[in-house]
Amino acid sequence: MLAVYFDKPGGPENLYLKEVAKPSAGESEVLLKVAASALNRADLLQREGQYPPPPGASNILGLEASGHVAELGPGCQGHWKIGDPAMVLLPGGGQAQFVTVPEGLLMPIPAGLTMLQAAAIPEAWLTAFQLLHLLGNVQAGDSVLIHAGLSGVGTAAIQLARMAGAIPLVTAGSQHKLQMAEKLGAVAGFNYKEEDFSEAALKFTKGAGVNLILDCIGGSYWEKNVNCLALDGRWILYGLMGGADISGPLFSKLLFKRGSLITSLLRSRDQKYKQMLVKAFTEQILPHFSMKGPQRLLPVLDRIYLMNKIQEAHEYMETNKNVGKIVLEMPQ
């Protein structure tokens with residue numbers, strides 16, 4: 001089979017398609033014939049040599065995919081049959097023509113969605129669901145500040161926050177992105193290039209601050225985050241796009257707010273946790289992708305690239321211009 005590959009860490013120019021051995025389904029695993037996969041920041045970091053796959057995971061890029069069940073391994077207990085459409089959360093291996101996945105990490109593709117749309121759901125939407133509900137304990141009426149509001153996770157978090165009765169606020173770097181965020185249900189948006197989002201969030205909440213922050217930026221935002229956090233607020237850190245280092249009185253400022261700083265990664269979590277997350281998401285959220293009307297959820301796709309244009313896809317993601325997900329279409 002063909003797979004996205006790189007021989008040494010570096011820029012997008014190191015990526016190429018390589019013919020590798022097709023995997024076969026092991027105990028309680030399913031082999032998926034991949035129709036599409038989507039890009040994540042983790043792919044860029046792994047390509048640069050900064051984010052290796054967890055032990056035992058495929059070293060091929062790709063944390064999510066959609067496709068059809070091609071083979072059932074011994075011990076599969078579920079309802080899946082050969083040929084069934086499915087989408088999957090992966091620790092790696094999605095950017096190839098086939099990938100093996102534990103049976104419990106498969107999700108049905110919601111009625112009315114294409115394979116390309118389905119590929120944009122697993123990593124981004126499960127991350128957003130986990131951050132808001134399992135870690136952030138989001139409540140109706142909570143104000144939720146979502147950084148990188150037009151990323152894959154951001155576009156999912158806006159919609160999930162709105163569905164929970166919360167008040168989604170976003171930061172983004174262009175007027176176009178802020179307009180898109182409002183279409184998805186953001187109540188307000190702040191252009192971090194033109195204004196202090198912390199002061200703007202305080203003004204919007206009439207000085208109370210935000211109850212929940214979803215933060216993939218990290219270091220460069222710490223002071224502004226703690227400044228606009230409400231008393232007893234929850235600040236969830238899930239990425240370090242703005243660096244890992246801070247200098248200053250973070251602890252005293254956080255303590256003064258009685259704030260909680262919670263950190264989270266999804267890729268490195270164990271299979272039992274991921275299966276619990278997939279089950280909860282499948283039961284509670286997935287039906288809303290097929291609904292009619294304002295409660296309908298929709299994966300946001302920015303661009304679709306053929307698998308052999310993988311270098312271009314990475315270059316585009318590095319510009320930070322995407323609104324929603326960048327999807328790779330596999331040769332069938």
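A residue is called buried when its relative accessible area is under 20%, exposed when that area is over 50%, and partly exposed in between. With that cut-off in hand, begin at D232, which counts as partly exposed because its relative accessible area is 43%. Keep in mind throughout that the model is predicted.

**Colour by confidence**

Before moving on from D232, colour the chain by pLDDT: the protein averages 94, and 100% of the residues score at least 70. Confidence is lowest in helix α8, residues 250-256, where the mean is 91, and it is highest in strand β8, residues 143-146, at 98.

**Two positive phi angles**

Return to D232, which sits in strand β12, and inspect its backbone: phi is positive, at about 60°, although D232 is not a glycine. Next select N320, in the loop between α10 (310-318) and β15 (325-329), where phi is again a positive value, near 60°, in a residue other than glycine. The relative accessibility of N320 is 39%, so N320 counts as partly exposed.

**Salt bridges**

The model holds 7 salt bridges by the rule applied here, and several of them can be visited in turn. Stay with strand β12 and select R234 together with D142, whose side chains meet in a salt bridge with an N to O distance of 3.0 Å. D142 belongs to the loop between α3 (122-135) and β8, whereas R234 is in strand β12 (residues 229-237), so this pair ties together parts of the chain that are 92 residues apart in sequence. Is D142 buried or exposed? With a relative accessible area of 10%, D142 is buried, and its partner R234, at 16%, is buried as well, since the cut-off for that class is under 20%.

Move now to helix α9, residues 271-284, and select E283 and K279, which both lie in this helix, 4 residues apart, or about one turn. These two residues form a salt bridge whose closest N and O atoms are 2.9 Å apart. K279 has 52% relative accessibility and therefore counts as exposed.

Then select R47, E48 and E318, which are joined into one network by salt bridges that share partners. Within the network, R47 and E48 form a salt bridge in which the closest N and O atoms are 3.6 Å apart. How do the two partners lie with respect to the surface? R47 is buried, with a relative accessible area of 1%, while E48, at 32% relative accessibility, counts as partly exposed.

**Around helix α6**

Go next to the surface and select E194, E195, D196 and E199, which gather there in a patch of negative charge. One of them, D196, lies in the loop between β10 (188-191) and α6 (197-204), and because its relative accessibility is 31%, D196 counts as partly exposed.

From D196, step into helix α6 itself and select S198. In contrast to D196, S198 has a relative accessibility of 1% and so counts as buried. To close the tour, draw a distance from the C-alpha atom of S198 to that of V278: the two residues are 80 apart along the chain, and their C-alpha atoms are separated by 34 Å.

Conventions:
Residues numbered from 1 in each chain as written. Heavy atoms only, no water. Patch = residues over 30% accessible without salt bridge, like charges linked within 9 Å, V, L, I, M, F, W, Y side chains within 5 Å. Areas by Shrake-Rupley, 256 points an atom, 1.4 Å probe, with all protein chains shown as cover. Salt bridge = Lys/Arg side-chain N within 4 Å of Asp/Glu carboxyl O. Lys, Arg positive; Asp, Glu negative; His and termini not counted. Charge placed at Lys NZ, Arg CZ, Asp CG, Glu CD. Buried < 20%, exposed > 50% of the residue type's maximum accessible area, 1.4 Å probe, protein only. pLDDT = per-residue confidence, 0-100.
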